[in-house]
Amino acid sequence: GDVSRFKGMMLITPTEREARLAVRDFNSGLVVLAESLRKKSETQNVIITLGQEGLLVHSSGNSKRAWEDDRLPAMNTSPKDSAGAGDSLLTCSAMALTVGADIWQSAY
């Protein structure tokens, strides 16, 4: 599905493929892709999951910069069963944001 159809969210956590499909961009780098998706979906934070390569955290930033981003490595590069991993990331990160963690703490 098109994750950009959800507007004004605090957080979305698409896979790279889902993000590229949502903005119809199959060539740009991850940072440009994340910012395009953030703008299109009007969301505050985007975490793009990259499988065994980890994830990219992209935030609307603070008053000094337009946005902030960082790559985090995968904590397990050889999982036995990755079913539900993205759903778990979304749930745990959203709960952490809700109780006051920043996006960086929430991503971990």
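Modeller: A residue is called buried under 20% relative accessible area, exposed over 50% and partly exposed in between, computed with a 1.4 Å probe and protein chains only. The structure is a predicted model, in which local features need pLDDT of at least 70, side-chain atom pairs count only at pLDDT 80 or more, and totals for chains, interfaces and linings use all residues. Residues are numbered from 1 along each chain as its sequence is written, and side-chain values use heavy atoms, leaving out hydrogens and water.

Biologist: What is the relative accessible area of Val32?

Modeller: Val32 is found in helix α2; helices (H or I, at least four residues) and strands (E, at least two) are DSSP runs, numbered from the N terminus. From Val32 to His58 the chain advances 26 residues, and their C-alpha atoms are 10.0 Å apart in space. Val32 counts as partly exposed because its relative accessible area is 45%.

Biologist: Which element supplies the largest share of the largest nonpolar core?

Modeller: A nonpolar core is a set of buried Ala, Val, Leu, Ile, Met, Phe, Trp, Tyr and Cys residues joined through side-chain atoms within 4.5 Å. The largest one has 13 residues, and Ala19, Leu30, Leu33, Leu37, Val46, Ile48 and Leu56 touch the most other members. At least two residues of this core come from each of α1 (16-23), α2 (30-41) and β2 (45-49). The largest share, four residues, is supplied by α2.

Biologist: Which residues are among the nine of another core?

Modeller: Val46 is one of the residues that touch the most other members of the largest core. Neighbours within four places in sequence aside, Val46 has contacts (heavy atoms within 4.5 Å) with Ile12, Pro14, Ala34, Leu37, Arg38, Leu56, Val57 and His58. Apart from the largest core lies another, of nine residues, among them Ile47, Leu89, Leu97 and Ile103.

Biologist: At what angle do the axes of α1 and α2 cross?

Modeller: Axes are lines fitted to C-alpha atoms, for helices over the stretch in contact, and angles run from 0 to 180 degrees between N-to-C directions. The contact is made by Glu16, Ala19, Arg20, Ala22 and Val23 of α1 and by Leu30, Leu33, Ser36, Leu37 and Lys40 of α2. Angles under 35 degrees count as roughly parallel, over 145 as roughly antiparallel, 65 to 115 as roughly perpendicular and the rest as oblique, and α1 and α2 are therefore oblique to each other. Their axes come within 10 Å and cross at roughly 60 degrees.

Biologist: Where does Arg24 lie?

Modeller: Most residues other than glycine have a negative phi. Arg24, not a glycine, has a positive phi near 55 degrees. Arg24 is exposed because its relative accessible area is 63%. Its place is the loop between α1 and α2.

Biologist: Which is Glu42, buried or exposed?

Modeller: Glu42 is in the loop between α2 and β2. Its phi is positive, near 55 degrees, in a residue other than glycine. With a relative accessible area of 53%, Glu42 is therefore exposed.

Biologist: Which residue of β3 is the bridge partner of Val46?

Modeller: Two strands pair if DSSP finds at least two bridges between them, and β2 and β3 pair in the antiparallel sense over five bridges. They form a hairpin with five residues between them, and Gly51 in the turn has a positive phi of about 60 degrees. In β3, Val46 has as its bridge partner His58.

Biologist: Which residue in β4 stands opposite His58?

Modeller: Strand β3 (residues 55-59) is mostly covered, with five of its five residues buried. Leu56 and His58 lie on one side of β3, with Leu55, Val57 and Ser59 on the other. Five bridges join β3 to the antiparallel strand β4 (residues 68-72). Within β4, Ser59 has Glu68 as its bridge partner, while His58 stands opposite Asp69.

Biologist: Which strands stand at the edges of the sheet?

Modeller: Helix α2 lies across β1, β2, β3 and β4, running at about 50 degrees to β3. The four strands form an open sheet of mixed pairing, in the order β1-β2-β3-β4. One side lacks a neighbour in the sheet because there is a single partner strand for each of the edge strands, β1 (11-12) and β4.

Biologist: What distance separates the C-alpha atoms of Ala94 and Ser106?

Modeller: Ala94 is found in helix α3 (residues 85-98). It is partly exposed because its relative accessible area is 26%. Ala94 and Ser106 are twelve residues apart along the chain, and their C-alpha atoms are separated by 7.3 Å.
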